[in-house]
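Here is a walk through one protein model, from a pair of helices out to the whole chain. Keep the structure open as you read.

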Amino acid sequence: MLRTWIILLAFVFSVTAFADTRQLLDELDNAIAKRDQFFKEKEGRIEHLKDLVSHETEHRAILKTLDALYEEYYVFQFDSAMTYADRGIELATKYNDSHYTELFNIHKAEILAIGGLYVEAKEHLDRLDTLNIDQQMLFRYYITAFHIYSYWSSYTHDTPYSTRYWGKAKEYLGQGMNYLDVDNPLYDYYKGEYYVYIKSDPMKARQHYQNVVSHGNPNSRVYAMACYALAGNYLNTDHDQKQYEQYLIMAVLADLRCCTRETVAMKILATILFEKGLDDVERAETYINISMEDAKFYNNRLRILEISRTLTQIMNTYQVMIEKQNRHLRYSVLFISLLLVALFVTAYYIYRQNRKLHSRRRELAVSNSQLTSLNGQLSESNERQAQLNAQLHKLNDKLVDTNRLREGLASIYIDLCAKYIDKLNKYQTLVKRKIKANQAQELLQTFSSTRISEEDAATFLTRFDKAFLELYPTFVDEFNGLLKPEGRIEQKSPNTFNTELRTYALIRLGVKNTADIAGLLFLSSQTIYNCRSIIKNKALNKETFDEDVQKLCTVIN
């Protein structure tokens, strides 16, 4: 079970990493589409600096602007960077400015090293007196020497000199770290280089590279360098191909945004994508062409040579892939041909079987038409029977409901009669007792009291309300439907009527005479007359109101 979970988690992480890589590649394609915009912004900054140089009169300001122009051209265009390094040396020497003389000699050594002129680059560095320059310049001096010998070592990688040059590169890197200021924007990057090449501690180096990526500007050269270093770190330390590819893409993105045209990241990315197969061939071709275009624009002959070799390797690999695919296609065509032969044989067999089936189908069609006719007749009969059954069920349900209501009303009637018989017996017993006791006057007072009649009336009305609602449960809603909205009657309690509702309940039962209604409700005729007049004035249709009331609840629910 544990092994299954581990495989599942590995699959999820690999799918997530694949999605992240594809997302970064899409972002890279969008950045490539904006290359012209990035170049225009870069050229705008350069033109502004050139304009400053032409208008400056003070040599120190001119040297400062020349330094800025060199930095703009350093990884953008080789010849222009060389030109401004030479102009800086010339002007600084003319005015005997030691700071800028040292700085532009270091610049000249940097650009010569990029161009593969390592001996000349070293000569420019050797012109500097390391005993008389400041700490910041010493750091530049040693880091430039580190770059010169590391490039030299890479260039002579297949010769006995490579190890010797690499040893000197590490020696200069170690010396340069003594002069690295913590406030230097390159601090974490070169700390990472130090831990990789001097201390052989890739995990410590990774922390410093990550600091650059976490806090640095994604559009800066140092950000691109840190991403490129992290890519190599993950590949060499963890053999993590996904992280390697993702940081490599991030490095290419940063190079594009800061218009770096002296770069190897895109060439490597193109090679990786090409090796993956045909799905990424178009991207790989686009990237390698951009790399070649950048190398030509930068005018770095060594880089052009490297990319040309890579292009040859890519084309050879592509040729092998094409031949492999052609073999697969030949096998596929042969297999499809065999399938076609089998298909023709099968089709002929099916044709013969279909002819046999055709005659049988005609016979079955006649039988089916007869059965269809009989089924239609049977369906009609079933439908009629179903309708009759449904009507019968409805009638049965209504009959059951009617019987239930009648039983309920009979129960109420019997109960009311029983109570009045019991009450008469009690009155008879009371009369006998009072007469025997010679209490005629007290008996007269008892029967003169209205309390007994009021109790009887209340009992009758309560029972009437209950019985009527049992018989006509929707009476109140339907009755209010005959009235105007503002005149509708609300019950104080669900099972109790007021005088108006009782009056029209009796009218619904067929008691139309006002005097009869008054007698049944224990009220005066005038009261009932006034009640009927008030309610009729609230009716939607006064002329037929009483007739409309008699038609209410014609269907008992």
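**A helix pair and its surroundings**

In this predicted model, the axes of helices H6 and H7 approach within 10 Å and cross at roughly 165°. Angles over 145 degrees count as roughly antiparallel, so H6 is roughly antiparallel to H7. The crossing in which H6 passes H7 is left-handed. Which residues of H6 meet H7? They are Tyr 118, Val 119, Ala 121, Lys 122 and Leu 125. Their partners in H7 include Tyr 141, Thr 144, Ala 145, Ile 148 and Trp 152.

Now move to H4. This helix runs from residue 78 to residue 94 and has 17 residues. Its first and last C-alpha atoms lie 24 Å apart, close to the 24 Å expected at 1.5 Å a residue. Its buried residues include Phe 78, Met 82, Tyr 84, Gly 88, Ile 89 and Leu 91. What covers them? The cover includes helices H2 (35-55), H3 (59-73), H5 (98-114), H6 (118-126) and H14 (281-298). After H4 comes Asn 96, with a positive phi near 55°.

Next, the cores. In soluble globular proteins, nonpolar side chains tend to be buried together. The largest nonpolar core here has 100 residues. Leu 28, Leu 66, Ile 111, Tyr 189, Tyr 190 and Tyr 287 touch the most other members. Helix H7 (residues 135-155) supplies the largest share of this core, eleven residues. Apart from this core lies another, of 29 residues. Among its members are Phe 468, Leu 482, Ile 517 and Cys 553.

Leu 66 repays a closer look. Leaving out residues up to four places away in sequence, Leu 66 touches Val 53, Tyr 84, Arg 87, Gly 88, Leu 91 and Phe 104. Of these, Tyr 84, Gly 88 and Leu 91 are among the buried residues of H4.

Further along the chain, Leu 461 sits in helix H17 (residues 451-471). Is Leu 461 buried or exposed? Its relative accessibility is 14%, so Leu 461 counts as buried. Leaving out residues up to four places away in sequence, Leu 461 touches Arg 502, Leu 520 and Leu 521. Leu 521 is 60 residues away along the chain, yet the two C-alpha atoms are separated by 7.3 Å.

Finally, step back to the whole chain. The protein chain has 22 helices and zero strands. Of its 557 residues, 36% are buried. Among contacts between residues at least 6 apart in sequence, 62% join residues at least 24 apart.

Methods:
Residues numbered from 1 in each chain as written. Predicted model: local features only at pLDDT ≥ 70, side-chain atom pairs only at ≥ 80, totals over all residues. Heavy atoms only, no water. Helix = DSSP H or I, 4+ residues; strand = E, 2+ residues; numbered from the N terminus. Expected span 1.5 Å × (residues − 1). Buried < 20%, exposed > 50% of the residue type's maximum accessible area, 1.4 Å probe, protein only. Contact = heavy atoms within 4.5 Å. Core = buried A, V, L, I, M, F, W, Y, C linked by side-chain atoms within 4.5 Å. Axes fitted to C-alpha atoms, helices over the stretch in contact; angles between N-to-C directions. Parallel < 35°, antiparallel > 145°, perpendicular 65-115°, else oblique. Left-handed = near helix turned anticlockwise from the far one by under 90°.
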